[in-house]
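Open the model in your viewer and keep the selection tool ready. We will go stop by stop.

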Amino acid sequence: MTTKTPNLAARMTPDYFRSFGLGYLPGLLGIEILSVSESGVQSRLALRKDLMAPNGFLHAASVVALADTSCGYGCVALLPEGAKGFTTIELKSNFLGTAREGSVACRATPVHLGRTTQVWDAVVTNEGTEAKIALFRCTQMVLWPK
């Protein structure tokens, strides 16, 4: 993902990321960014039929999109000065449960904020019960101007 990187204060607002995702997959899915800070990103996704698998359970791809978006937005918020963007180079997921209604929440936290890579962990939970649905680890490569 290549972006024009605004200053740190502008990158730490949920409003920035709400507008950032409009017209792209995060906006299409309805991912809501609740908070962005140096300690991580909190987000949520209200469940609806088109996010479900044909068996009536939450589709794994919907969960992955929520976690990857949250980690990616955290990466954007904390890009090193002068970086032009990032790209996800690895995403690992472990699914522990599912949901059929309500909303799911995600908390993405930085594990490593380096000059060339960032590593983020994310936990997706059922917002109503707080039961864990999935655990993620994302590695992003920081992109620099040539």
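Which residue in E6 does Val119 stand opposite? Select Val119 and look across to E6: Thr139 is there. Keep in mind throughout that this is a predicted model.

**Stop 1: the E5 and E6 pair**

Select residues 117-126 for strand E5 and residues 132-143 for strand E6. The two strands pair in the antiparallel sense, over nine bridges. Strands of a sheet pair through backbone hydrogen bonds, either parallel or antiparallel.

Now show the side chains of Asp121 and Arg137. They meet in a salt bridge, 2.6 Å from N to O. Asp121 sits in strand E5 and Arg137 in strand E6, so the pair links parts of the chain that are 16 residues apart. Asp121 is partly exposed, at 24% relative accessible area. Arg137 is partly exposed too, at 39%.

**Stop 2: the whole sheet**

Zoom out. In what order do the six strands of the open sheet lie? Follow them across: E1-E2-E4-E5-E6-E3, with antiparallel pairing. Colour strand E1 (32-37) and strand E3 (85-95) to mark the edges. Each has a single partner strand, so one side of each is left without a neighbour in the sheet. Turn the view and follow the twist, which averages 20° from one strand to the next.

**Stop 3: E1, E2 and E4**

Go to the E1 end. E1 and E2 form a hairpin, with two residues between them. Five bridges join these antiparallel strands. Select Glu32 and look opposite in E2: you reach Arg44.

Next, select strand E2 (40-46). Is E2 largely enclosed or largely open? Five of its seven residues are buried, so E2 is largely enclosed by the rest of the structure. On to strand E4 (103-113). E2 and E4 pair in the antiparallel sense, over six bridges. Pick Val41, and you will find its bridge partner, Ala108, in E4.

**Stop 4: charged pairs**

Side chains of opposite charge can pair when their charged atoms come close. How many salt bridges does the structure hold? There are five.

Select Glu127 and Arg44. Their side chains meet in a salt bridge, 2.8 Å from N to O. Glu127 lies in the loop between E5 and E6, while Arg44 is in strand E2, so the pair ties together parts that are 83 residues apart in sequence. Glu127 is partly exposed, at 31% relative accessible area. Arg44, at 18%, counts as buried.

Now try Asp50 and Arg48. Their side chains also meet in a salt bridge, at 2.7 Å from N to O. Asp50 counts as exposed, at 58% relative accessibility. Arg48 counts as partly exposed, at 31%.

Return to Asp121 and Arg137, the salt bridge from the opening stop. Asp121 lies in strand E5 and Arg137 in strand E6. Then add Glu32 to the Arg44 and Glu127 selection: salt bridges that share partners join these residues into one network.

**Stop 5: Gly30**

Select Gly30. Where does it sit? Its place is in the loop between helix H3 (25-29) and E1. Gly30 is partly exposed, with a relative accessible area of 29%.

Show what surrounds Gly30. Leaving aside residues up to four places away in sequence, Gly30 touches Arg44, Leu45 and Arg48. Draw a distance line between the C-alpha atoms of Gly30 and Leu45. The line spans 6.3 Å, though the two residues are 15 apart along the chain.

**Stop 6: the helix across the sheet**

Select helix H4, residues 60-77. Which strands does H4 lie across? The list is E1, E2, E3, E4, E5 and E6. Helix H4 runs at about 135° to E5.

**Stop 7: the cysteines**

Show the cysteine sulfurs. How many disulfides does a search of the whole structure find? Zero. Cys71 is in none, and its nearest cysteine sulfur, that of Cys138, is 3.7 Å away. A disulfide needs the two sulfur atoms within 2.5 Å.

Why is Cys75 not bonded to Cys71? The sulfur of Cys75 is 9.3 Å from that of Cys71, its closest cysteine sulfur, and this is too far for a bond. Are these cysteines buried or exposed? Cys71 is buried, with a relative accessible area of 0%. Cys75 is buried as well, at 0%.

Terms used:
Residues numbered from 1 in each chain as written. Predicted model: local features only at pLDDT ≥ 70, side-chain atom pairs only at ≥ 80, totals over all residues. Heavy atoms only, no water. Buried < 20%, exposed > 50% of the residue type's maximum accessible area, 1.4 Å probe, protein only. Pairing = 2+ DSSP bridges. Helix = DSSP H or I, 4+ residues; strand = E, 2+ residues; numbered from the N terminus. Axes fitted to C-alpha atoms, helices over the stretch in contact; angles between N-to-C directions. Contact = heavy atoms within 4.5 Å. Salt bridge = Lys/Arg side-chain N within 4 Å of Asp/Glu carboxyl O.
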